[in-house]
Amino acid sequence: MSGTPSGLSPFVIMLLAAARRVASSALPFVVVILLWQFASLFFPRFLFPSLIDVFWRCIEIFSTGSMFADVLATILRILAGLAGAFIIGAVLALLMFRSRGVDNFLSPILSLFQGIPALSWVVFAIIWFHGIEFRILFIMVVTTLPAFTFQVLGALRGMSRDLMEMVLSFRPTRAKLFRVMIAPAILPDILTAWKVNLGNASRVVVVAELVGATGGVGYQLLQQQQLFDMAGALAWTLQLVFFVLVVQAALTLIENTVFRYRAVSERAI
């Protein structure tokens with residue numbers, strides 16, 4: 001039995017479905033907001049500040065040039081680190097896919113890197129390098145490189161061998177083979193890898209900026225901690241949350257646009 005009333009136009013049905021999806025997505029956030037606001041009535045401001053205060057602090061960050069410059073600096077560090085790790089990881093994954101010897105050599109090293117905490121890499125970078133930006137770039141790349149490498153390698157290994165042989169029977173050029181076979185096969189896993197590593201990178205960059213930077217969201221969080229300013233700490237944290245949500249929405253839009261040809265089941269599994 002359908003939950004949608006009969007006799008409605010398709011446009012109205014589509015609007016109702018969209019409203020239902022938005023409501024179900026927003027409900028957890030509304031509950032958290034209400035609980036926090038309720039707690040702010042009974043606890044000191046340095047523990048649970050009013051979300052109205054947090055809102056005005058967010059507006060202050062957006063409207064103040066020097067503060068917003070710190071947000072942009074952190075965003076650029078995240079994007080630069082992810083781009084560098086993805087390029088290096090894709091090259092390593094391709095080498096590991098084509099050579100078992102390279103795979104046997106690099107896999108233990110990458111697994112070892114995955115087990116090293118981000119804070120340890122921060123300490124290593126401070127000891128090894130002098131420039132702040134290069135330190136942060138190194139930390140971002142080395143902490144996200146193993147995940148990108150293994151995820152791209154898994155996507156390459158997941159390609160259908162039968163389909164590959166069928167495409168090769170038409171003797172395509174390398175560029176055409178990549179465009180019609182390899183790219184569509186591995187792009188979903190690559191977009192998923194970016195979504196996963198985006199959250200990891202946002203956490204790592206804060207750790208790096210807390211210890212070794214003189215600007216950025218992590219540096220500002222350190223200042224709020226020293227002042228016991230919980231409203232400021234939440235406002236600066238929300239800057240990263242907004243950035244991650246926007247980029248993930250953009251990646252989802254790209255995925256839905258590029259793979260709109262994929263069939264969608266009309267029945268729930």
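**Note on core packing and salt bridges**

1. Start with Ile182. Beyond its neighbours within four places in sequence, Ile182 is in contact with Leu156, Met159, Met164 and Leu177. This is a predicted model, and the points below should be read that way.

2. The wider core comes next. Ile182 and Ile78 are the residues with the most contacts inside the largest nonpolar core. That core has 55 residues. Helix α8 gives the most to this core, with 14 residues.

3. Helix α5 spans residues 118-128. Trp121, Val122 and Ala125 are buried there. Viewed down the axis of α5, the buried residues fall within an arc of 105 degrees, so they line one face of the helix.

4. Now the charged pairs. The structure holds 6 salt bridges. Arg77 takes part in a salt bridge with Glu133, at 2.6 Å from N to O. Arg77 lies in helix α3 (residues 65-98) and Glu133 in helix α6 (residues 132-157), so the pair ties together parts that are 56 residues apart in sequence.

5. Arg77 has a second partner to check. The side chains of Glu209 and Arg77 also meet in a salt bridge, again at 2.6 Å from N to O. Here the pair links distant parts of the chain: Glu209 sits in helix α8 (residues 174-212) and Arg77 in helix α3, 132 residues apart.

6. How buried or exposed are the three side chains of these two bridges? Arg77 is buried, with a relative accessible area of 10%. Glu209 is buried too, with a relative accessible area of 0%. Glu133 counts as partly exposed, at 45% relative accessibility. The cut-off for buried is under 20%, so Arg77 at 10% falls on the buried side, whereas Glu133 at 45% does not.

7. Asp53 and Arg45 make another salt bridge. Their closest N and O atoms are 3.2 Å apart. Arg45 is exposed, with a relative accessible area of 59%. Asp53 is partly exposed, with a relative accessible area of 27%. Exposed requires over 50%, so Arg45 qualifies at 59% and Asp53 at 27% does not.

8. One network deserves a look in the viewer. Salt bridges link Arg57, Glu60 and Asp229.

Terms used: Residues are numbered from 1 along each chain as its sequence is written. This is a predicted model: local features need pLDDT of at least 70, side-chain atom pairs count only at pLDDT 80 or more; totals for chains, interfaces and linings use all residues. Side-chain values use heavy atoms; hydrogens and water are left out. A salt bridge is a side-chain nitrogen of Lys or Arg within 4 Å of a carboxyl oxygen of Asp or Glu. Buried means under 20% relative accessible area, exposed over 50%, partly exposed in between (1.4 Å probe, protein chains only). Helices (H or I, at least four residues) and strands (E, at least two) are DSSP runs, numbered from the N terminus. The arc is that of the directions from the helix axis to the C-beta atoms. A nonpolar core is a set of buried Ala, Val, Leu, Ile, Met, Phe, Trp, Tyr and Cys residues joined through side-chain atoms within 4.5 Å. Contact means heavy atoms within 4.5 Å.
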